[in-house]
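Colleague: Could you walk me through how the labels on a structure get decided? I'd like to hear the reasoning behind them.

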Amino acid sequence: MASLTLDKVRKTFGSVEVLKEINLAIEDGEFLVLVGPSGCGKSTLLNLIAGLETSSDGEIRIGDRVINNVHPKDRNIAMVFQSYALYPNMTVRKNITFGLEIRGVSASERDKAVDDVARLLQIENLLDRKPSQLSGGQRQRVAMGRALVRNPDIFLFDEPLSNLDAKLRVDMRTEIKKLHHRLGSTIVYVTHDQIEAMTLASRIAVMKGGILQQFDTPQHIYEKPNNMFVAGFIGSPSMNFIEAKLVDDNGKIAVTFDNNGQKVVLPLLENSPESYKSWVGKDVVFGIRPEGLTHKRTGSDKPGSQYVNFDAKVEVIEPTGADTMTVINLGGKEIVARVRPDRATNPGEMMTFSADMNQISLFDPTTELRI
Amino acid sequence: MGASSSTESNLMASLQRNLSKIVVAPSFAASLFFVYGFIIWTAWMAFSKSRMMPVYDWAGLRQYERLWQMERWHVAIENLLIFGGLFIVICLFLGCLLAVLLDQRIRAEGVLRTIFLYPMALSFIVTGTTWKWILNPGLGLEKMMHDLGWASFKFDWLVNSDFAIYTVVIAAVWQASGFIMAMFLAALRGVDQDIIRAAYMDGASLPRIYFGIIIPSIRPVFLSAIVVLAHLAVKSFDLVIALTGGGPGYSSDLPATFMYTMAFQRNQLGISAASAMMMLATVMAIIVPYLYSELRGGKKNG
Ligand SMILES: Nc1ncnc2c1ncn2[C@@H]1O[C@H](COP(=O)(O)OP(=O)(O)OP(=O)(O)O)[C@@H](O)[C@H]1O
Ligand SMILES: [Mg+2]
């Protein structure tokens, strides 16, 4: 168990800079999820921590120990690979004990360790099978067993669930979370699935193009995304972006945008940040998540309410059971609102929506950064 | 009128239906006749009294008995065992080693691969002739060493009846090991790189990763390589003809050269046919179980 620090870590392949000055620090026992679109450098970062690649610059520390030049086997790190990477010629038991055997652990200790891990992962009855005789989920468990048995300081997972079917993925996700609670180990977990990131992480690092976009707790990233990329990447369906303008509305700051010829004016709450003042009269991007845009709420007509109402024509409805996703068209853009099924109307009809002004984000349209 | 046009369209339809069969038919007939027909004819010859010309009177197993009484046939069989055994083992070893070394993502891999693979593109006659020059004591290696001043250097295997068969091994290994390397390299490239990484993180050394994990997991390729090499060994003919001509004497005869000599120089068509049948049986003994396991494996996977 140990903390992990990445200090100004860079990685170049030839002339291509794949990672640009990554700074990350997690405490002992934290669950860090690296998330981002394909090719953003997640696996590369994980490989740097594992020691499978060497960093071009910067420092990687486990606890107080700088490990840049430490051989992977001496870093006390275990990794679970996306393709499981089980040794095809060995039984499950041999797969799990291979690393111990190389480290010179005695046979009796190895047997005990395998039994413990097998019980933990419920793979006792699979120990004498070859990997080819296992299902995907079982292979996944064996791969985790191989990592667990070494009792490492840090676990690395590289998209461990992406080869499983949807149902199994959810089950394994829960199981990994339970395992983390139980062992209290430090985990770095790579995924491009933002739901996995939200559910598992104690902290999320969102990456894009080799640049760390935001590093924070899941809730904070969800509520206060640093920029439009993070806002759009985290959350499903993703955040709505509306081209808008900040105006002075009788002494109060308000967001205004065009709704098919009509002007919608949404006054901001009193407790809005001071920084909004300097943006009055300028174009902004108004970001609101689908759940911040609902059917007309009770109490929304009262003055000083956090809800502001406006009317719009319903284009499409997508019932999901719990909620009905209602698509409206604002300024040529499709906007999704999350409506209670019994309040949903049919496509083509007008409907009154409430915007929850507590859940809004404003972005600079040129830099795409949060205001 | 109506009737004739309908028969015409019937004809066209059946032509279209059977077009692929019609196209394949001539080559099918040819191989049926020239390959399988002559196999049967040879089998017949082996039971006949044929000497110089084919005759068709029944002699039972007489030709086989004579064959197995010939000292020369025993030499040929023994040579085949020596040659085949060494050829297969050395090719597997070298091919495997080269493939593992090339798999290390070294620079100039493409060039090296071509260099190693190139001998396979030569005909055995060229290989045999080249190595005949290289190994000829008066021309090649030995002469070169003498010219360089190493007067006591002696390498006369080519003209030594105890060692001539080993020169065939050298030339054949030179020719085929690159091909075996390519087979292994393809298999190694098919191995998930993450397995190597995982083993590396487990602390395994590179030799241990290869010999403990990677090579055992590409075992099927060994089987394919052995089958390819074994059938090359059994039907080796041109290489021996070009390199040693079966000599000195008949000390480097292989069954194929034995058969040729019997048929076309010694006027022993019957014995030759019998030896051909022995070779066929040997190849079948290798190929049939292999094909059987391959086809059955295919069904299991499919
Ligand atoms: N050995 C290499 N040589 C050159 N470029 C590389 C190498 N390995 C990775 N890259 C590049 O680095 C970038 C990041 O790759 P990486 O594998 O880390 O992406 P990733 O975030 O894990 O993507 P994915 O979600 O698809 O797995 C990619 O643009 C890739 O092309
Ligand atoms: Mg990756």
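Colleague: Okay, which element gives the most to the lining of the largest pocket?

Modeller: That's H7(A), which gives three residues to the lining. Keep in mind that this is a predicted model. Two elements give two or more residues to that lining: helix H7 (218-223) and strand S20 (360-363), both of chain A.

Colleague: What is the volume of the largest pocket? And which residues are the closest to its centre?

Modeller: The volume comes to about 370 Å³. Of the 19 residues lining the largest pocket, Lys224(A), Met357(A), Asn358(A), Gln359(A) and Ile360(A) are the closest to the centre.

Colleague: How do the lining residues divide into nonpolar, polar and charged?

Modeller: The lining of the largest pocket has eight nonpolar, six polar and five charged residues. Lys counts as charged, so Lys224(A), one of the residues closest to the centre, goes in the charged class.

Colleague: On to helices. Why are H4(A) and H5(A) called roughly parallel?

Modeller: Helix H4 (residues 136-148) and helix H5 (residues 166-183) of chain A pack at an angle of about 20 degrees, with axes 11 Å apart. Angles under 35 degrees count as roughly parallel, and therefore H4(A) and H5(A) get that label. Their crossing is right-handed.

Colleague: Which residues make that contact?

Modeller: From H4(A) you have Gly137(A), Gln140(A), Arg141(A), Met144(A) and Leu148(A). H5(A) brings Leu168(A), Met172(A), Glu175(A), Ile176(A), Leu179(A) and Leu183(A). By class, this contact of H4(A) with H5(A) has seven nonpolar, two polar and two charged residues.

Colleague: Now chain B. What makes H9(B) oblique to H10(B)?

Modeller: Helix H9 (residues 206-217) and helix H10 (residues 219-234) of chain B pack at about 60 degrees, with their axes 5 Å apart. Roughly parallel needs an angle under 35 degrees, and roughly perpendicular starts at 65. The angle of about 60 degrees fits neither, so H9(B) is oblique to H10(B). The contact is made by Ile215(B), Pro216(B) and Ser217(B) of H9(B) together with Arg219(B), Pro220(B) and Phe222(B) of H10(B).

Colleague: And why is H4(B) called oblique to H7(B)?

Modeller: The axes of helix H4 (residues 109-117) and helix H7 (residues 164-190) of chain B come within 7 Å and cross at roughly 140 degrees. Roughly perpendicular stops at 115 degrees, and roughly antiparallel needs an angle over 145. That leaves oblique for H4(B) and H7(B). The contact has six nonpolar, one polar and three charged residues. Among those on the H4(B) side are Phe116(B) and Leu117(B), while Leu185(B) is one of those from H7(B).

Colleague: What about the backbone: is the peptide bond from Ser236(A) to Pro237(A) cis or trans?

Modeller: That bond is cis, with omega near -5 degrees. You'll find Pro237(A) in the loop between helix H8 (228-233) and strand S11 (240-249) of chain A.

Colleague: Last one: what is the phi of Lys8(A)?

Modeller: The phi of Lys8(A) is positive, about 50 degrees, although this residue is not a glycine. Lys8(A) sits in strand S1 (residues 4-13) of chain A.

Notes. Residues are numbered from 1 along each chain as its sequence is written. Chains are lettered from A and ligands numbered from 1 in the order in which they are written. This is a predicted model: local features need pLDDT of at least 70, side-chain atom pairs count only at pLDDT 80 or more; totals for chains, interfaces and linings use all residues. Side-chain values use heavy atoms; hydrogens and water are left out. Axes are lines fitted to C-alpha atoms, for helices over the stretch in contact, and angles run from 0 to 180 degrees between N-to-C directions. Helices (H or I, at least four residues) and strands (E, at least two) are DSSP runs, numbered from the N terminus. A crossing is left-handed if the near helix is turned anticlockwise from the far one by less than a right angle, and right-handed if clockwise. Contact means heavy atoms within 4.5 Å. On a 1 Å grid over the protein atoms alone, a cavity is a set of points where a 1.4 Å probe fits but cannot get out, and a pocket is an open set with protein on both sides within 12 Å along at least five of seven lines; lining residues have an atom within 4 Å of a point. Grid points are joined across faces, edges and corners, and a volume is the space filled by probe spheres set on the points.
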